[in-house]
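Open the model in your viewer and show the side chains as sticks. This tour goes from one pair of charged side chains to the next.

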Amino acid sequence: MIHPEKQPSATTTVADMKSADVVVVGGGIVGLATAWKLVSRQPSASIILIEKEPVLAKHQTGHNSGVLHSGIYYKPGSVKALTCTTGRAEMVRFCETYDIEHEICGKVIVATQDLDLPRLDVLEERAAANGVKARRIERAELRELEPHAAGITGLHVPESGITNYTKVCLTLGRLLTEAGVELLTGTRVTAIDERADAVRLSTTAGDIQAGLVVTCGGLYSDRLARETAPDTTERIMPFRGEYYELAEHRRSLVNALIYPVPDPDFPFLGVHLTRMIDGSIHAGPNAVLALAREGYTWGDIDLGDLAEVLRNPGWWKLAKNYWRTGIGEYYRSLSKAAFVKALQRLVPELTADDLVPSPAGVRAQAVSTEGKLLDDFVWSETARVVNVLNAPSPAATASLAIGSQIVERLATHQG
Ligand SMILES: Cc1cc2nc3c(=O)[nH]c(=O)nc-3n(C[C@H](O)[C@H](O)[C@H](O)COP(=O)(O)OP(=O)(O)OC[C@H]3O[C@@H](n4cnc5c(N)ncnc54)[C@H](O)[C@@H]3O)c2cc1C
C-alpha cells in the first residue's frame with residue numbers, strides 16, 4: 001500500500017474516467033522536469049501530472065540547500081556524474097531564460113585535518129574525470145575567498161552556484177499548464193494497476209487511465225514502484241537533514257559555500273555553510289533517521305513507517321556498518337554544542353549564539369537489502385511504467401538531465 005493511513009480513492013465510472021497518454025506522479029522537481037521534457041519531445045501528447053500536496057515542491061525540493069552542484073563528487077561514469085554536469089548547465093540556462101534568481105558563486109572544499117588530504121586528491125581526480133573545473137588552493141588563497149574559513153588547503157570549485165528550486169518548480173508548473181498539461185494538485189495516487197493495454201491509477205480524485213506512467217514520488221518512491229514491480233527490494237529510508245541559520249549580523253562570516261571534505265563511505269556531504277539566494281546563510285544539514293517518511297521534526301512519528309524500517313533487514317545491516325557515524329549524527333541533532341563544534345572545523349569563529357534553528361528537510365535515500373545506501377540515481381521499468389527509485393542530491397541540480405533520460409527510456413516503450 002502506498003499510503004495506508006490515507007483516505008480511499010474516489011470511485012469513477014468508465015465514462016467519466018480521465019485519461020492521458022502519459023501520467024507523471026509527483027510534483028517535485030524530478031516529476032516536473034520529466035513532464036517538461038515530455039512536452040518538448042512530444043508536444044501533441046496528453047499529459048497529466050499528479051501531486052498529493054496542494055502545492056508543488058512541498059517535500060525534498062522545497063527543503064534543500066539550493067545548491068547548483070558542479071558534479072565533482074560523483075564516481076566517473078555514474079548517472080549522477082553524467083547528469084549533474086549537463087543538468088547544472090541546463091538548469092543555469094533555464095534560470096537565465098525564465099528570470100529565476102541564481103548565482104554562480106563558487107565553492108571551497110576545505111581540508112581541516114591530515115585525513116582529508118588523500119580524500120581531496122581523489123576529489124581532484126574525479127573533477128578532472130568528470131570535466132569539472134577545480135583548483136587546489138593553499139591557505140593564503142583560501143583566506144582571500146573565505147576570510148573566516150579554517151583549512152590547511154582546499155579545492156576551489158568555481159562553477160558551483162545557488163538558486164531557488166521552489167521557484168524553478170513554480171515556473172515549470174506554469175510552463176506545463178500553458179503547454180496544456182493538467183496539473184492535479186491535492187490528489188493522491190493510492191494504487192497503480194498495470195494491464196496489457198493501459199495503466200489504471202486510482203487516486204483520491206477518481207481513476208485515471210494512462211498509456212504510460214512515470215513515478216517520481218521521492219519519499220514514497222519505493223511504495224509507488226512496488227505497485228507495478230512488486231519484487232522491488234530497495235526501500236526508502238527517510239534521513240532528516242537539520243539546519244541552523246546564521247544570525248543576520250554574522251552573515252559576513254561566509255561569502256559563498258564552505259564545505260568539508262566528505263567521508264567517501266557516506267553519501268551525505270557533511271554539515272556545510274551555504275549562502276542561500278535570499279542572502280541568508282544556512283548551516284547543515286546533518287543526517288538522522290526520521291521517525292516518519294515526512295518526519296520533519298522529532299515529534300513527527302509514524303509507527304507504520306517506523307515498523308517498516310525495523311522489519312527491513314537492510315536497516316539492521318546499515319546500522320551495523322554505520323553505527324559510529326550514526327551516533328555522531330544523533331549527537332549533533334540533540335546537542336547544539338556538538339553541531340556548532342562540527343561547524344567550527346570550517347569557521348572557527350562561529351559560536352552557538354550565532355545560530356538560530358531553521359526548518360529541516362528529509363532526504364529519500366534508497367537502501368538495498370544488503371544494507372547499502374544506494375549512491376547513484378536509479379530508475380526501474382516495466383512495460384508501461386518507469387519508476388524513479390533513488391533521486392537524492394544532486395537530483396535538483398540534475399533534474400532537467402534526469403528528465404531527458406527518463407523521456408528517452410519512455411520513447412522505447414509502446415504508448
Ligand atoms: C536536506 C536536503 C538538502 C539537499 N540539498 C540539495 C542541493 O543543495 N542541491 C541539489 O541538487 N539537491 C539537493 N538535495 C536533493 C534534492 O532536493 C532532491 O534530490 C530532489 O528534490 C528530489 O526531487 P523529487 O522530485 O524526486 O522528490 P520530491 O521533491 O520529494 O517530490 C516528490 C513528490 O511526490 C509526491 N508524492 C509522493 N507520493 C505521492 C502519491 N502517492 N501521489 C501523488 N504524489 C505523491 C510528494 O508529495 C512530493 O511532492 C537536498 C535534499 C535534502 C532533503
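**A tour of the salt bridges**

The model is predicted. How many salt bridges does a search of the whole structure find? The search finds 26. The stops below visit some of them.

**Stop 1.** Select Lys18 and Glu182. These two form a salt bridge, with the closest N and O atoms 2.6 Å apart. The pair links distant parts of the chain, 164 residues apart. Lys18 belongs to strand E1 (residues 18–25), and Glu182 to strand E9 (residues 182–184). Is Lys18 buried or exposed? Lys18 is partly exposed, with a relative accessible area of 33%. Glu182 is also partly exposed, at 32%.

**Stop 2.** Select Glu53 and Lys58. Their side chains meet in a salt bridge, at 3.6 Å from N to O. Glu53 has a relative accessible area of 13%, which is under 20%, so Glu53 counts as buried. Lys58 is partly exposed, with 38% relative accessibility.

**Stop 3.** Select Asp207 and Arg200. Which distance separates N and O in this salt bridge? The N to O distance is 3.8 Å. Turn on the surface for both residues. Asp207 is buried, at 14% relative accessible area, and Arg200 is buried too, at 18%.

**Stop 4.** Clear the selection, then pick Asp222, Arg223, Arg226, Arg293, Asp305 and Glu308. Here the salt bridges are not a lone pair: these residues are linked in a network. Colour the Asp and Glu residues one way and the Arg residues another to follow the network on screen.

How values were computed. Residues numbered from 1 in each chain as written. Predicted model: local features only at pLDDT ≥ 70, side-chain atom pairs only at ≥ 80, totals over all residues. Heavy atoms only, no water. Salt bridge = Lys/Arg side-chain N within 4 Å of Asp/Glu carboxyl O. Helix = DSSP H or I, 4+ residues; strand = E, 2+ residues; numbered from the N terminus. Buried < 20%, exposed > 50% of the residue type's maximum accessible area, 1.4 Å probe, protein only.
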